[in-house]
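Here is a protein to look through from its overall layout down to single residues. Keep the sequence and the 3D view side by side while reading.

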Amino acid sequence: MSHRYAYDAPLAPAPLRLYDQQEAAAHDRLRPVADWVSGHVARPHPDLGRRGAVCPFVPLSLRLDLLRFALADPPATDEPTLLAATAALKAHWLAMEPRTGPHTIDKTIILVLPGLPKEIVIRVHDRLKPEFVADGMMLGEFFPDHPGPGLRNPAFRPLHSDVPLLVARSMVANDLPFLTEKRYPPAWRAGFVAAFLEHQSAASAATRQRAREELGVARGEMGRCPSPDR
């Protein structure tokens, strides 16, 4: 299955430079983000509403040295250059080892976007997310004062970061709520959930049943008979 975005012209990836944790900690533009990842994202928070780190996958990603930070060169300054940088982000994640096996879900690349307006980050995220999801990936957006609520505590703001970011990672079974947000049009949600069912065959029976139900809802909102085929 495919839910590719149709572009007016081919989108050529922009050059990205990747940095490991040690290199990021020594880089003026990356150090604040590296500190935020290790000091906040990888740690528990009293407002989270559950035990464990803010992102439960980041601690292992850090231990396995599978987290990379990226900067566009030249920097992304507008929507076209960010589209190209995000295409490069996807290509780098797909090429990054491991490409198979259980630790594929632990590799993450964080594209750091100092000074870029959040409106551009949102537009590019929403435009390219369908391509990421179709390939079993997730594209996350973070920026100052992001209003997105936590799953367990709506008052918690897990997507806030002081620096705008786009994050590429593997899709996991816990991502279903992020693929069925009502802010997405029904056709998008149907495509997202169909991709989830394709790529998350090992998810629990209960999760896959919820996904089929969400697929039926989305198809029903599209004016089609909700007849999930998975």
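The paragraphs below go from the whole chain to its charged pairs, and then to some single residues.

The model is predicted. The protein contains eight helices and five strands. Following the sequence, these elements come in the order β-α-α-α-β-α-β-α-β-β-α-α-α. The C-alpha trace spans about 55 × 45 × 35 Å along the principal axes of the protein. For 230 residues, a compact globule would have a radius of gyration near 17 Å, and the value for the protein, 17 Å, agrees with that.

Of the 230 residues, 46% are buried. The area that the protein exposes is about 11500 Å², and 55% of it is supplied by carbon and sulfur atoms. Contacts also tie separate stretches of the chain to each other: among contacts between residues at least 6 apart in sequence, 68% join residues at least 24 apart.

Next come the charges. The protein has 28 positive and 26 negative charges, and the mean positions of the two sets are 6 Å apart. Side chains of opposite charge can pair when their charged atoms come close. In this protein the count of salt bridges is ten.

One of the salt bridges is between the side chains of R123 and E79, with 2.7 Å from N to O. This pair links distant parts of the chain, as R123 belongs to helix α5 (residues 118-134) and E79 to helix α4 (residues 79-95), 44 residues apart. R123 has a relative accessibility of 42%, so it counts as partly exposed. E79 also counts as partly exposed, because its relative accessibility is 23%.

Helix α4 takes part in another such link. The side chains of K90 and D135 form a salt bridge with an N to O distance of 2.6 Å. K90 lies in helix α4, while D135 lies in the loop between α5 and β4 (137-142), and 45 residues separate them along the chain. Are these two residues buried or partly exposed? K90 is buried, because its relative accessible area is 11% and the limit for buried is under 20%. D135, at 27% relative accessibility, counts as partly exposed.

A third pair is found further along the chain. K182 forms a salt bridge with E221, and their closest N and O atoms are 3.7 Å apart. K182 sits in the loop between α6 (176-179) and α7 (186-199), E221 sits in helix α8 (residues 205-221), and the two are 39 residues apart. K182 is exposed, with a relative accessible area of 54%, whereas E221 is partly exposed at 43%. Salt bridges also form a network, which links D126, E141, E181 and R183.

Both K182 and E221 appear again around R189, a residue of helix α7. Setting aside neighbours within four places in sequence, R189 is in contact with L179, T180, E181, K182, Y184, A218 and E221. R189 counts as buried, because its relative accessibility is 3%.

Back in helix α4, L82 is a second buried residue to look at. Its relative accessible area is 0%. Which residues is L82 in contact with, leaving aside its neighbours within four places in sequence? They are A76, L111, L113, L116, I120, V121, V124 and L166. L82 and V124 are 42 residues apart along the chain, yet their C-alpha atoms are separated by 7.0 Å.

The last part concerns the backbone. Where are the cis peptide bonds described here? One joins D73 and P74, with omega about 5 degrees. P74 is in the loop between β2 (67-72) and α4. Another runs from E97 to P98, with omega near 0 degrees, and P98 is in the loop between α4 and β3 (108-112).

Two aspartates have a positive phi although neither is a glycine. For D65, phi is near 55 degrees, and the residue is found in the loop between α3 (58-63) and β2. At 35% relative accessibility, D65 counts as partly exposed. For D145, phi is about 60 degrees, and the residue lies in the loop between β4 and β5 (165-170). D145 is exposed, because its relative accessible area is 61% and the limit for exposed is over 50%.

Conventions: Residues are numbered from 1 along each chain as its sequence is written. This is a predicted model: local features need pLDDT of at least 70, side-chain atom pairs count only at pLDDT 80 or more; totals for chains, interfaces and linings use all residues. Side-chain values use heavy atoms; hydrogens and water are left out. Helices (H or I, at least four residues) and strands (E, at least two) are DSSP runs, numbered from the N terminus. The radius of gyration is taken over C-alpha atoms; the globule rule is 2.2 Å times the number of residues to the power 0.38. Buried means under 20% relative accessible area, exposed over 50%, partly exposed in between (1.4 Å probe, protein chains only). Contact means heavy atoms within 4.5 Å. Accessible areas come from the Shrake-Rupley method with a 1.4 Å probe; for residues, only the protein chains shown count as cover. Lys and Arg count as positive and Asp and Glu as negative; His and the chain ends are not counted. The place of a charge is taken as NZ of Lys, CZ of Arg, CG of Asp or CD of Glu. A salt bridge is a side-chain nitrogen of Lys or Arg within 4 Å of a carboxyl oxygen of Asp or Glu.
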